[in-house]
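Dear colleague,

Please find the structure I promised to hand over to you. My notes on what was found in it follow directly below.

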Amino acid sequence: ITALALTTTVGVQAEGFDKLISDSSVDANFRLRVETVDKDPAKDALAVTLKSRVTLKSGTAYGLSALLEGDNTTHLMDDFNSSQNGNGTYNKVIDPETTQFNQAYLQYVNAGTTVKAGNQRINLDNQRHVGGVAFRQDEATFDAISVKNTDIENTTIFVALSNNQNNIKNENSEDDVTLLNVKYQVNPDLAATGYYYDIKDGGTTIGARVVGKASGVGFEAEVATQDQDGVDASPLYYHLAANKKLSEVKLTAGLEVMGSDGGTSAFATPLGTNHKFNGWSDVYLGGNGANGIQDLYVSAVTKVSGVKLVGQLHKFDSDEGSTDLGTEIGLLAAKKIKNYGVSVKLAQFKAGDAGVDATKVWLTGTAKF
């Protein structure tokens with residue numbers, strides 16, 4: 001009986017190992033991009049970059065699986081400042097040449113719990129506070145242990161402990177980071193989220209977010225406070241937005257405020273996908289210094305003959321002092337055909353009482369195999 005049990009155990013283990021290999025998959029993705037930047041006083045930038053990604057996913061055995069993802073970014077034309085190529089007289093396009101493992105982690109899944117250990121992307125909510133900045137050629141990832149649990153009805157709990165973030169410049173922050181995000185689905189049209197994000201020696205952000213729909217109008221409301229280490233200030237963040245679909249056009253209007261605490265310090269999102277917010281030109285990618293920023297915006301999204309069309313307009317003012325910080329218009333057209341995609345994107349910033357005008361254009365082609 002003992003011999004039979006041992007033989008059976010060995011056989012099951014061998015079958016499990018075979019499943020890890022036989023159910024594995026390999027994906028290849030490519031993204032070719034032309035990006036131009038016109039902003040005084042630096043030279044106009046022209047960046048032609050190619051991102052190549054290969055992702056290997058193993059099969060699953062006893063709840064265990066693994067993922068290995070390798071990225072390469074190559075400069076085909078580098079008349080731009082990547083922050084690392086020594087072209088400091090040109091405008092910045094933060095896409096340095098890299099070859100690296102973007103993700104490499106082990107995963108364990110059991111019922112409603114998923115555990116990941118290793119280098120991984122983490123995108124929470126709308127990525128305002130925590131995100132991978134996937135728009136850039138080098139994505140931001142965390143060296144972390146993360147746990148996602150859905151055992152409590154209608155509730156998703158996510159917690160992660162990280163000792164390093166590899167950012168879009170392929171630089172390691174080596175910060176101790178704690179992320180806690182709890183989402184409760186009140187009903188199909190309403191969800192509430194509370195979060196706690198801490199960067200050791202950097203600061204702590206605590207906030208709440210509600211997203212829902214009522215009478216055909218979508219809405220979101222968010223508020224957060226931030227204690228920043230070494231600064232006697234507790235700036236606030238809030239975001240209010242509503243959207244409505246009229247015929248084939250989705251219209252959105254909102255106000256996002258990166259608050260200032262009396263001009264001492266402003267709310268910051270060092271772990272967020274900041275390119276998604278405050279305009280695509282990235283003029284206010286890092287906010288507006290200690291005076292903070294108010295962003296009043298409207299956008300329209302539709303699809304014509306399979307082409308996604310986006311238009312957006314931003315009006316910027318400082319939170320402290322109400323300085324006119326300018327306006328920006330953004331336009332996007334994107335089309336996907338099976339595993340291929342192409343897009344053109346424009347951001348034009350007009351300065352207010354401070355700063356200089358800026359224009360950025362992106363032409364992007366993607367392929368997946």
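Asp71 is a buried residue, with a relative accessible area of 3%. Please bear in mind throughout that this is a predicted model.

**Salt bridges**

Despite its burial, Asp71 has a charged partner: its side chain meets that of Arg53 in a salt bridge, with 2.8 Å from N to O. Arg53 belongs to strand E2 and Asp71 to strand E3, so this pair ties together parts that are 18 residues apart in sequence. Arg53 is itself buried, at 12% relative accessibility.

Arg53 also forms a salt bridge with Glu69, where the closest N and O atoms are 3.7 Å apart. Glu69 lies in strand E3 (residues 64-79) and Arg53 in strand E2 (residues 45-57), so the pair ties together parts that are 16 residues apart in sequence. Is Glu69 buried or exposed? Glu69 is buried, because its relative accessible area of 4% falls under the 20% limit.

Elsewhere in the chain, Asp357 and Lys350 form a salt bridge whose closest N and O atoms are 3.9 Å apart. Asp357 is partly exposed, with a relative accessible area of 40%, and Lys350 counts as partly exposed too, at 41%. As for the way in which bridges link up, shared partners join Arg53, Glu69, Asp71, Arg121 and Glu139 into one network. The count for the model comes to 14 salt bridges.

**Nonpolar cores**

The largest nonpolar core has 23 residues, of which Ile122, Val130 and Leu179 touch the most other members. Which elements give two or more residues to this core? They are strand E6 (141-149), strand E7 (155-166), strand E8 (177-187) and strand E9 (190-199). Strand E9 supplies the largest share, three residues.

The surroundings of Val130 can be listed in full. Leaving aside residues up to four places away in sequence, Val130 touches Ile122, Asn123, Leu124, Phe142, Leu179, Tyr197, Leu271 and Gly272. There is also a second, separate core of six residues, including Val310, Leu332, Ala347 and Trp362.

**Strand pairing**

Several of the strands named for the core also pair with one another. E6 and E7 run antiparallel and are joined by nine bridges. Within E7, Phe158 is the residue that stands opposite Lys148. E7 pairs with E8 as well, again in the antiparallel sense, over eight bridges. In that second pairing, Val159 stands opposite Leu180 in E8.

**Backbone points to check**

The hairpin of E6 and E7 has five residues between the strands, and Asn154 takes a positive phi near 65° there. Asn154 is a residue other than glycine, and its place is in the loop between E6 and E7. Its side is open to a limited degree: Asn154 is partly exposed, with a relative accessible area of 40%.

Asp201 likewise has a positive phi, of about 65°, although it is not a glycine. Asp201 sits in the loop between E9 and strand E10 (203-214). With a relative accessible area of 67%, Asp201 counts as exposed, because the limit for that class is over 50%.

Where is the cis peptide bond that involves Pro41? This bond runs from Asp40 to Pro41 and has omega near 5°. Pro41 is placed in the loop between strand E1 (25-39) and E2.

**A nonpolar patch on the surface**

Finally, Val26, Val54, Leu56, Leu68 and Phe101 make a nonpolar surface patch of about 450 Å². One of these residues, Leu56, lies in strand E2, the strand that also holds Arg53. Leu56 counts as partly exposed at 37% relative accessibility, whereas Arg53 is buried.

**Summary**

To restate the main items, a network of salt bridges joins Arg53, Glu69, Asp71, Arg121 and Glu139. The largest nonpolar core draws two or more residues from each of E6, E7, E8 and E9. The backbone features are the cis bond from Asp40 to Pro41 and the positive phi values of Asn154 and Asp201.

With kind regards

Technical notes. Residues are numbered from 1 along each chain as its sequence is written. This is a predicted model: local features need pLDDT of at least 70, side-chain atom pairs count only at pLDDT 80 or more; totals for chains, interfaces and linings use all residues. Side-chain values use heavy atoms; hydrogens and water are left out. A salt bridge is a side-chain nitrogen of Lys or Arg within 4 Å of a carboxyl oxygen of Asp or Glu. Helices (H or I, at least four residues) and strands (E, at least two) are DSSP runs, numbered from the N terminus. Buried means under 20% relative accessible area, exposed over 50%, partly exposed in between (1.4 Å probe, protein chains only). A nonpolar core is a set of buried Ala, Val, Leu, Ile, Met, Phe, Trp, Tyr and Cys residues joined through side-chain atoms within 4.5 Å. Contact means heavy atoms within 4.5 Å. Patches are made of residues with over 30% relative accessible area and no salt bridge: like charges are joined within 9 Å, nonpolar side chains (Val, Leu, Ile, Met, Phe, Trp, Tyr) within 5 Å. Accessible areas come from the Shrake-Rupley method with a 1.4 Å probe; for residues, only the protein chains shown count as cover. Two strands pair if DSSP finds at least two bridges between them.
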